[in-house]
Amino acid sequence: ELERAKIRFKHGNKLGEVLILDKIAFLTDDIESKTRQIYKANIKEDGSLTNIEKTKLIDFENFITKAQIPKRVFVKKKLFDSLKQRYGSDLEILVNY
């Protein structure tokens with residue numbers, strides 16, 4: 001079920017991921033790295049990401065166990081704009097992984 005809420009993307013030579021959960025998103029800059037850095041962000045009504053801050057893996061796991069996984073995830077343009085601003089204009093979305 002969690003896979004439905006994930007969007008994977010390529011930036012440079014790295015593969016990143018954003019997990020969308022209602023009003024909160026979790027970003028991973030490089031999912032193939034042994035030392036993954038996870039960031040938590042708020043999702044505004046327009047879809048943009050705000051207050052992006054580093055979070056611990058244990059906090060992420062605790063949030064996931066309590067969170068309701070959305071049945072459908074809709075993505076607004078502002079989310080892509082926020083990702084491009086953070087990762088650069090060469091951002092590419094991975095489809096059907």
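Two strands pair if DSSP finds at least two bridges between them. The exercises below apply this to a predicted model.

**Exercise 1. The pairing of β4 and β5**

Task: Determine how many bridges join strand β4 to β5, and in which sense the two strands run.

Solution.
- Step 1. Strand β4 covers residues 38-43, and five bridges join it to β5.
- Step 2. At least two bridges are needed for two strands to pair, so β4 and β5, with five bridges, count as paired.
- Step 3. The two strands run antiparallel.
- Step 4. Within this pairing, lysine 40 stands opposite glutamate 53 in β5.

**Exercise 2. The sheet as a whole**

Task: State the order of the six strands in the open sheet, and explain which strands stand at the edges.

Solution.
- Step 1. The order of the open sheet is β5-β4-β3-β2-β1-β6, and its pairing is antiparallel.
- Step 2. β5 (49-55) and β6 have a single partner strand each, so they stand at the edges and one side of each lacks a neighbour in the sheet.
- Step 3. From one strand to the next, the twist averages 25 degrees.
- Step 4. A helix is then added to the picture: α1 lies across β2, β3, β4 and β5, and runs at about 40 degrees to β2.

**Exercise 3. Strand β2 and its two hairpins**

Task: Describe how strand β2 is joined to β1 and to β3, and establish how many of the residues of β2 are buried.

Solution.
- Step 1. On one side, strand β1 (residues 6-11) is joined to β2 by six bridges in an antiparallel arrangement. Arginine 8 stands opposite glutamate 17 in β2.
- Step 2. The hairpin formed by β1 and β2 has two residues between the strands, and glycine 12 in the turn has a positive phi of about 65 degrees.
- Step 3. β2 also pairs with strand β3 (residues 24-28), over five bridges and in the antiparallel sense. Here leucine 19 stands opposite phenylalanine 26 in β3.
- Step 4. The hairpin of β2 and β3 likewise has two residues between the strands; aspartate 22 takes a positive phi near 55 degrees.
- Step 5. Strand β2, residues 14-21, is mostly covered, with seven of its eight residues buried.

**Exercise 4. Aromatic pairs**

Task: State how many aromatic pairs the structure holds, and classify the pair of phenylalanine 9 and tyrosine 87 by the angle of its planes.

Solution.
- Step 1. The structure holds three aromatic pairs.
- Step 2. In the pair of phenylalanine 9 and tyrosine 87, the ring centres are 4.9 Å apart and the planes stand at 45 degrees, so the pair is tilted.
- Step 3. This pair links distant parts of the chain: phenylalanine 9 belongs to strand β1 and tyrosine 87 to helix α2, 78 residues apart.
- Step 4. Phenylalanine 9 is buried, with a relative accessible area of 0%; tyrosine 87 is buried as well, at 11%.
- Step 5. Phenylalanine 26 and phenylalanine 60 form an edge-to-face pair, with 4.9 Å from centre to centre and 70 degrees between the planes.
- Step 6. This second pair also links distant parts of the chain, with phenylalanine 26 in strand β3 and phenylalanine 60 in helix α1 (residues 57-66), 34 residues apart.
- Step 7. Phenylalanine 26 counts as buried at 2% relative accessibility, and phenylalanine 60 counts as buried at 17%.
- Step 8. Ring pairs link Phe26, Phe60 and Phe63 into a cluster.

**Exercise 5. Two residues in their surroundings**

Task: Decide whether lysine 78 is buried, partly exposed or exposed, do the same for leucine 94, and name the contacts of each residue beyond its neighbours within four places in sequence.

Solution.
- Step 1. Lysine 78 is placed in helix α2 (residues 77-87). Its relative accessibility is 41%, so it counts as partly exposed.
- Step 2. Beyond its neighbours within four places in sequence, lysine 78 is in contact with Asp46, Gly47 and Ser48.
- Step 3. Leucine 94 lies in strand β6 (residues 92-94). With 36% relative accessibility, leucine 94 also counts as partly exposed.
- Step 4. With neighbours within four places left aside, leucine 94 is in contact with Arg8, Phe9 and Leu15.
- Step 5. Leucine 94 and lysine 10 are 84 residues apart along the chain, and their C-alpha atoms are separated by 7.0 Å.

Conventions:
Residues numbered from 1 in each chain as written. Predicted model: local features only at pLDDT ≥ 70, side-chain atom pairs only at ≥ 80, totals over all residues. Heavy atoms only, no water. Helix = DSSP H or I, 4+ residues; strand = E, 2+ residues; numbered from the N terminus. Buried < 20%, exposed > 50% of the residue type's maximum accessible area, 1.4 Å probe, protein only. Contact = heavy atoms within 4.5 Å. Phe/Tyr/Trp six-rings, centres within 6.5 Å; stacked < 30°, edge-to-face > 60°. Axes fitted to C-alpha atoms, helices over the stretch in contact; angles between N-to-C directions.
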